[in-house]
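Dear colleague,

I am handing over the structure below, and I would be grateful if you could look through it alongside the notes that follow.

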Amino acid sequence: MTKLHENENKVDKKKLYYIETWGCQMNEEDSEKLAGMLENMGYTKSNVRNESDIIIFNTCCVRENAEFKVYGNLGELKALKKSNPDLIIAVSGCMMQQKGIPELIKKKYPHVDIIFGTHNIHRLPELLNNSLQGKSTLIEIWDAEGDIIEGLPIQREGDIKAFVTIMYGCNNFCTYCIVPYTRGRERSREPDSIINEIKELSSKGYKEITLLGQNVNSYGKDLNNMSFAELLRLVNQVEGIERVRFMTSHPKDLTEDVILAVKECDKVCEHIHLPVQSGSTQILKKMNRKYSKEDYLGLVEKIKSKINGVALTTDIIVGFPGETEEDFSETLDLVSKVEYDSAYTFIYSVRKGTPAGKYETQVPETLKHERFNRLVELINSISERKNREFKNKTVEVLVEGYSKSDESRLTGRTRTGKLVNFTGGDINLTGKLVNVKITEPQTWTLQGQLICD
Ligand code: SAH
Ligand code: SF4
Ligand code: F3S
């Protein structure tokens, strides 16, 4: 383990930074660390891109459209850099770990000052100082993951809920996915480091923790003294924390002891995000997911029978190479059987360097879109039906503040992750657990009224 020293390079006058983050919670957490390092250097956060002294784009490349967004935004910065030559533009994240991309960005967007990757975010202060002294684009990408760096400063986005990464990387190599190439192999953090971080969060008033990893169920396999289920039980004991969540669970590794830990730990919420990707066994095989449709349905049955009122959510890819109408109807059938509370649906996107990107049986775009729409329609109808069951029921909500869409209402989530907007309370309830009676269930949100006791 490497410890990083406090940064000694401070800026003199008030300088502003702006970070834009694409992609998953891993990237969001990385951005919080980038922000922490900049704050340590004396920079102040800004929400206005055009007024900032340093702009960082923390990129994602899980699908092609994530990359298009980055290129579009980089193009927009050209004029800004021209009008403010002192502006520092940095690009980081998963996209930079792909071969050829940093060089392409340097060539096509010469106004970019610094390019770095996912394995060396801790190097930001030094790269920034070097860049302030030089002129041409600075590229520093590490091909392989180094030691886990503990102790990086972190400037979190919220003050009630926090992400805590428990492991980095992924060993699964699903054939469609770029993540193992951009994030390296699985590495677990030491349990002590994790628990200490959560205790510190608790002392600062945080109430909800989400344990993060590409496949949290394989936590500890490289440590030999701790499993994910055991970690859940330890986290459950941290005083002051009210709720514990985790993501993502790979179905092949979700063992009985994890299900029991969720059932038995009072703070661990009854919600499992269990990406299925497809309902067709032969597509799952081509995806290298290592379970069949029947295995998955069996696991879901086990979870539902053991954990009372559990919510299940998932990720599904439509139009994987070779997906036939029959395969797709297997996905629809599985979705109807599981009855997910909600699901993230994606149109398959070819990723260069992945095995599936080379398959010759790519599904035509129009067909992918048509299937995607049918799937979304089914998922929405199930979500709506499940939400309707909440009418007149009372749920426990962790209050997060005023609703962004309606400032006369407070907002928060149930233990099962459902968004609730409600009347009858004021901002002082932020961070508290309250009971809310649901008056009007909608497809995405439950509307309700605070129950005062
Ligand atoms: N580690 C997590 C999620 C990783 S990426 C897991 O294994 O579940 C988040 C989601 O993006 C994946 O679950 C998958 O549904 C989707 N995804 C990944 N690669 C994709 C691709 N090439 N095209 C479309 N969707 C993809
Ligand atoms: Fe990608 Fe599969 Fe790893 Fe998830 S488990 S990050 S989908 S390779
Ligand atoms: Fe994207 Fe990287 Fe996450 S590719 S989904 S930001 S791990």
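Between domain 1 and domain 2, eleven residue pairs are found in polar contact across the interface, both partners having pLDDT of 80 or more. On the side of domain 1 that touches domain 2, the elements that give two or more residues are α1 (25-40) and α2 (64-83), and of that side α1 gives the most, with 13 residues. Sorted by class, this side of domain 1 has eight nonpolar, eight polar and ten charged residues. Please keep in mind throughout that this is a predicted model.

To place that interface in the whole protein, the domain assignment gives domain 1 as 7-140, domain 2 as 153-388 and domain 3 as 394-450. The contact between the first two of these takes 26 residues from domain 1 and 26 residues from domain 2. Taken over C-alpha atoms, the centres of domain 1 and domain 2 are separated by 29 Å. The area buried between domain 1 and domain 2 comes to about 2200 Å², and carbon and sulfur atoms give 55% of that area. Within domain 1, the residues that lose the most area to domain 2 are Met26, Glu29 and Glu32, which together make up 30% of what that side buries.

The charged pairs deserve a separate paragraph. Across the interface of domain 1 and domain 2 there are four salt bridges, while the count by the same rule comes to 36 salt bridges. Lys45 and Glu157 form one such salt bridge, with their closest N and O atoms 3.3 Å apart. This pair links distant parts of the chain, since Lys45 sits in strand β3 (residues 43-45) and Glu157 in the loop between β8 (149-150) and β9 (161-165), 112 residues apart. In another salt bridge, the side chains of Asp30 and Arg183 meet at 2.9 Å, N to O.

I turn next to the ligands. Ligand 1 is surrounded by 15 residues, of which the closest are Arg63, Gln214, Gln277, Asp315 and Ser349. Arg63 places a polar side-chain atom 3.0 Å from an oxygen atom of ligand 1, and an N or O atom in the side chain of Gln277 is 2.7 Å from an oxygen atom of ligand 1. Ser349, by contrast, uses its backbone, with an N or O atom there lying 2.8 Å from a nitrogen atom of ligand 1.

Around ligand 2 are Cys170, Asn172, Phe173, Cys174, Tyr176, Cys177, Val179, Pro180, Gln214, His250 and Arg289. The shell around ligand 2 divides into seven nonpolar residues, three polar residues and one charged residue.

Which residues surround ligand 3? They are Gly23, Cys24, Asn27, Cys60, Cys61, Val62, Cys94, Val179, Arg183 and Gln214. By class, the ligand 3 shell has six nonpolar residues, three polar residues and one charged residue. From each of domain 1 (7-140) and domain 2 (153-388), the shell around ligand 3 draws at least three residues. Gln214 is listed around ligand 2 and again around ligand 3, and Gln214 is also among the closest residues to ligand 1. Arg183, which belongs to the shell of ligand 3, is the partner of Asp30 in the salt bridge described above.

Finally, two points of backbone geometry may be worth checking in your own setup. The peptide bond from Met247 to Thr248 is cis, with omega near 10°, and Thr248 is found in the loop between β13 (243-247) and α8 (256-264). Asn288 has a positive phi of about 65° although it is not a glycine, and Asn288 lies in the loop between α9 (281-287) and α10 (293-306).

With best regards

Note on methods. Residues numbered from 1 in each chain as written. Chains lettered and ligands numbered in written order. Predicted model: local features only at pLDDT ≥ 70, side-chain atom pairs only at ≥ 80, totals over all residues. Heavy atoms only, no water. Near = heavy atom within 4 Å. Nonpolar A, V, L, I, M, F, W, Y, C, P; charged D, E, K, R; others polar. Domains from an automatic or database assignment. Contact = heavy atoms within 4.5 Å. Buried area = accessible area lost by both parts, 1.4 Å probe. Polar contact = N/O pair within 3.5 Å; in protein donor to acceptor, adjacent residues only side chain to side chain. Helix = DSSP H or I, 4+ residues; strand = E, 2+ residues; numbered from the N terminus.
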